[in-house]
Amino acid sequence: DYHKGLFSGRMDPIQLAAVSPFIGLLVGEESDSGKALRAMQPSGLLRDIDFSRADADPHWQFSAILQDVSWHRWQMLPGISDLSGRVSGHPDGGALELALGKQTVAVGPYFPKDIPIDGLTAELHWQQLENGWQLAGEQIQLNTPALQAATDFRLDLPTSGSPYLALLTHVDLHDAGQAWRYYPRLAMGQGLTDYLQGALQGGQAQGATVLWDGPLAEFPYHQGGGIFQAWVPLREATFQFDPAWQPLKQLSLDLLFQNDTLDMVSSSAQLGKAHSDHIHAWFPTLAPDSRLFINADVAGEAEAVSAYLQQSGVKDSVGAALQQLQLSKPLTGDLQLVIPVDGDPVQVLGHVQFAGNALKVMPLALALTQLDGELFFTEAETRFNGLKAELWGQPMRIDYQGALQDTSYQVQLGLQ
């Protein structure tokens, strides 16, 4: 149709499954586009297809409604179903408003498992620039059983050089035990992904933020050419840093992913019936051979601290020692752990403060009071030197050495 300098028209609805083979022939069956069409097997309906061109503009414009569109996963493009929306465009750009219904999105090897969603809405725009293309997304709202996320982004795709991503996402995490589904497995490695999946067992985070600003090819930005940050304020979380140790519960934990590092700080956690008001843990690098470093303060009644250590990865060293050295008053101490995510043995260093406590040496039936000193321990041994105490009202000093040997725990005790 032509009216007042405007050509316009409408096409009949198009079934994508019917036209895909024809498009494949046009682009070449062995071309990248042809291979993509065969793998994706797009289906669904394009309807209300309008096109127009003004006399003063040599470019055609179009718009159409997408109905029940789906395709299989192809490379990094997720497989989806039940997509609806409206698309419009011209040779230099276009726009897409889309909505996805409840489904499981096929993400392939890039994430640990396909991701269930309750819904997704987005507004996408693309335009050709002088040196390439730009894709932008606004008001992208994602709802899943585990989280809600709102995202804006811009992706520059130059004709030469690295793509540049600028992204800001706000996240409310309902179930941190499901966060493993969103770990980028190929970037983090299977070992680290498996470790974090088993370690982070529950919790919520309101107002988490993800920021990315930089060339994708330069990640992790060791030269300062960009930045990736994700800040997650976990509350009421459960974190089990090693299967041999009881999980930390009722945990308040602030996580900061920065480029390829992870830093975690807690101001409150339960360690069995003991308590910690300071835990600092960090991954110097998020890589398949990563090591998790932990510094933690521990406090509580003597029975609670002893019980925690006796049901831990040091049950055969300090745990065994505390069965023979029974304390009666509140204790404080600290732990330092190095945990390889590949399953190698955990390294442990720590100490327990005895100041002002009372101690009963069970094998000798000795009751000591007014203690002043501290017990040092590793995963294999315990010791204290020059521990001050009173026995039957008389001052004395005690040396103690305990070590794990074969299947037994050997103890040396010296009294002065």
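**Exercise 1. Describe the contact between helices H1 and H2, starting from the residues that meet.**

Solution. Ser 20, Ile 23, Gly 24 and Val 27 of H1 meet Ser 33, Gly 34 and Leu 37 of H2, where contact means heavy atoms within 4.5 Å. Sorted by class, the contact of H1 with H2 holds three nonpolar, four polar and no charged residues; in this scheme Ala, Val, Leu, Ile, Met, Phe, Trp, Tyr, Cys and Pro count as nonpolar, Asp, Glu, Lys and Arg as charged, and the others, Gly among them, as polar.

This is a predicted model, in which local features need pLDDT of at least 70 and side-chain atom pairs count only at pLDDT 80 or more, whereas totals for chains, interfaces and linings use all residues. Residues are numbered from 1 along each chain as its sequence is written, and side-chain values use heavy atoms, with hydrogens and water left out.

The next step is the geometry. H1 covers residues 16-27 and H2 residues 32-40, and the two pack at an angle of about 160° with their axes 8 Å apart; helices (H or I, at least four residues) and strands (E, at least two) are DSSP runs, numbered from the N terminus. The axes are lines fitted to C-alpha atoms, for helices over the stretch in contact, and angles run from 0 to 180 degrees between N-to-C directions. The angle of about 160° therefore makes H1 roughly antiparallel to H2, a class for angles over 145 degrees, while those under 35 count as roughly parallel, 65 to 115 as roughly perpendicular and the rest as oblique. The crossing of H1 and H2 is left-handed, that is, the near helix is turned anticlockwise from the far one by less than a right angle.

**Exercise 2. Work out which residues are joined into one network by salt bridges that share partners.**

Solution. Side chains of opposite charge can pair when their charged atoms come close. A search of the whole structure finds six salt bridges, each being a side-chain nitrogen of Lys or Arg within 4 Å of a carboxyl oxygen of Asp or Glu.

One of them joins Arg 10 and Asp 50, at 2.7 Å from N to O. This pair links distant parts of the chain, with Arg 10 in strand E2 (residues 6-11) and Asp 50 in strand E4 (residues 43-54), 40 residues apart. Arg 10 counts as exposed at 55% relative accessibility, whereas Asp 50 is partly exposed at 25%; buried means under 20% relative accessible area, exposed over 50%, and partly exposed in between (1.4 Å probe, protein chains only).

Another salt bridge brings together Arg 47 and Asp 48, at 2.8 Å from N to O. Arg 47 is partly exposed at 29%, and Asp 48 is partly exposed at 29%.

A further salt bridge, with its closest N and O atoms 3.1 Å apart, is formed by Arg 235 and Asp 254. Arg 235 lies in strand E15 (residues 227-239) and Asp 254 in strand E16 (residues 248-258), 19 residues apart. Arg 235 is partly exposed at 35%, as is Asp 254 at 28%. The network itself, built from salt bridges that share partners, joins Arg 10, Arg 47, Asp 48 and Asp 50.

**Exercise 3. Locate the cis peptide bond and place Asn 259 in the structure.**

Solution. The peptide bond from Phe 219 to Pro 220 is cis, with omega near 15°, and Pro 220 sits in the loop between strand E14 (200-215) and E15. Asn 259, whose phi is near 55°, a positive value in a residue other than glycine, is found in the loop between E16 and strand E17 (261-271), and at 14% relative accessibility Asn 259 counts as buried.
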